[in-house]
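User: Could you take a close look at the salt bridges in this model and then work outward to the parts around them? I would like to know how far the coordinates can be trusted as well.

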Amino acid sequence: MTKLSEAELKVMKILWKHNELTSREMFNLLYDDTQWSIKTVRTMLKRLSNKDIVSINIDKEEFTYSFLINEDEYIPHMELYSMVQNDL
C-alpha cells in the first residue's frame, strides 16, 4: 500500500468522513484550512485515483469521488510501516 503525503491524507480524512464527494464539495470543505484552488483539489483527487486509493465516478457529466481503501485499513498499515522504518 502506498504511503500518502500529508496533503493527500488531509483529502482522504474528509473523504472517509463523507464517503462520496464532488471535487467542488471537497474544495469547499478544504478551503478554510488549506486555501487550495479547485484545480489543486482536482489534482490531488486524480493523484489518489492513480494510486488506487480513490474511485472516480462519472454521473451526468459530474465527477464524484469515493474511497477504495477505508481508514480502518489504511491507518494500521501506516503505523506498522512507521514502526519498521524506525527500526532500520
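**Salt bridges and their surroundings**

Analyst: With a relative accessibility of 2%, Glu8 counts as buried, since the limit for that class is under 20%. The model is a predicted one, and two salt bridges are present in it. In one of them Glu8 is paired with Lys51, with 2.9 Å between the closest N and O atoms. Glu8 belongs to helix H1 (residues 6-18), whereas Lys51 sits in the loop between helix H3 (38-50) and E2, so this pair ties together parts that are 43 residues apart in sequence. Lys51, at 28% relative accessibility, counts as partly exposed, which places the two partners in separate accessibility classes, buried for Glu8 and partly exposed for Lys51.

The other salt bridge brings together the side chains of Asp33 and Lys10, at 3.0 Å from N to O. Because Asp33 lies in helix H2 (residues 23-34) and Lys10 in helix H1, this pair ties together parts that are 23 residues apart in sequence. Here Asp33 counts as exposed, at 53% relative accessibility, while Lys10, at 29%, counts as partly exposed. Helix H1 therefore contributes Glu8 to one pair and Lys10 to the other. As a general matter, side chains of opposite charge can pair when their charged atoms come close.

Helix H2, which holds Asp33, also contains Ser23, and this residue leads from the charged pairs toward other elements. Ser23 counts as buried, its relative accessibility being 7%, and its side chain makes a polar contact of 3.0 Å with the side chain of Arg42. Setting aside neighbours within four places in sequence, Ser23 touches Ile38, Val41, Arg42, Leu45, Phe63 and Tyr65; among these, Ile38 falls within the residue range of helix H3 (38-50), and Tyr65 within that of strand E3 (residues 62-67). Further along helix H2, Asn28 counts as partly exposed, with 48% relative accessibility. The C-alpha atom of Asn28 is separated by 8.8 Å from that of Ile38, ten residues away along the chain.

Turning to the strands, three of them build an open sheet with the order E1-E3-E2 and antiparallel pairing. Strand E1 (20-22) and strand E2 (54-59) are the edge strands, each pairing on one side only, and from one strand to the next the twist averages 30 degrees. In general, the strands of a sheet pair through backbone hydrogen bonds, either parallel or antiparallel. Between E1 and E3, which run antiparallel, there are three bridges, and between E2 and E3, likewise antiparallel, there are six. Tyr65 in E3, one of the contacts of Ser23, is the bridge partner of Leu21 and also of Ile56. Elsewhere along E3, Thr64 is the bridge partner of Asn57, and Phe67 stands opposite Val54. The hairpin of E2 and E3 has two residues between the strands, and in this hairpin Lys60 adopts a positive phi near 55 degrees.

For the wider setting, the protein is made of four helices and three strands, which follow one another from the N terminus as α-β-α-α-β-β-α. Of its 88 residues, 34% are buried, a class that includes Glu8 and Ser23. Among contacts between residues at least 6 apart in sequence, 53% join residues at least 24 apart.

As to confidence, the protein has a mean pLDDT of 85, and 83% of its residues reach 70 or more. Helix H2, home of Asp33, has the highest mean pLDDT among the elements, at 96, whereas helix H4 (residues 71-87) has the lowest, at 57. Over residues 80-88 the pLDDT stays under 50, and the model gives that stretch one contact beyond four places in sequence. Where pLDDT is low, the predicted coordinates should not be read in detail.

Note on methods:
Residues numbered from 1 in each chain as written. Predicted model: local features only at pLDDT ≥ 70, side-chain atom pairs only at ≥ 80, totals over all residues. Heavy atoms only, no water. Pairing = 2+ DSSP bridges. Axes fitted to C-alpha atoms, helices over the stretch in contact; angles between N-to-C directions. Salt bridge = Lys/Arg side-chain N within 4 Å of Asp/Glu carboxyl O. Buried < 20%, exposed > 50% of the residue type's maximum accessible area, 1.4 Å probe, protein only. Polar contact = N/O pair within 3.5 Å; in protein donor to acceptor, adjacent residues only side chain to side chain. Contact = heavy atoms within 4.5 Å. pLDDT = per-residue confidence, 0-100.
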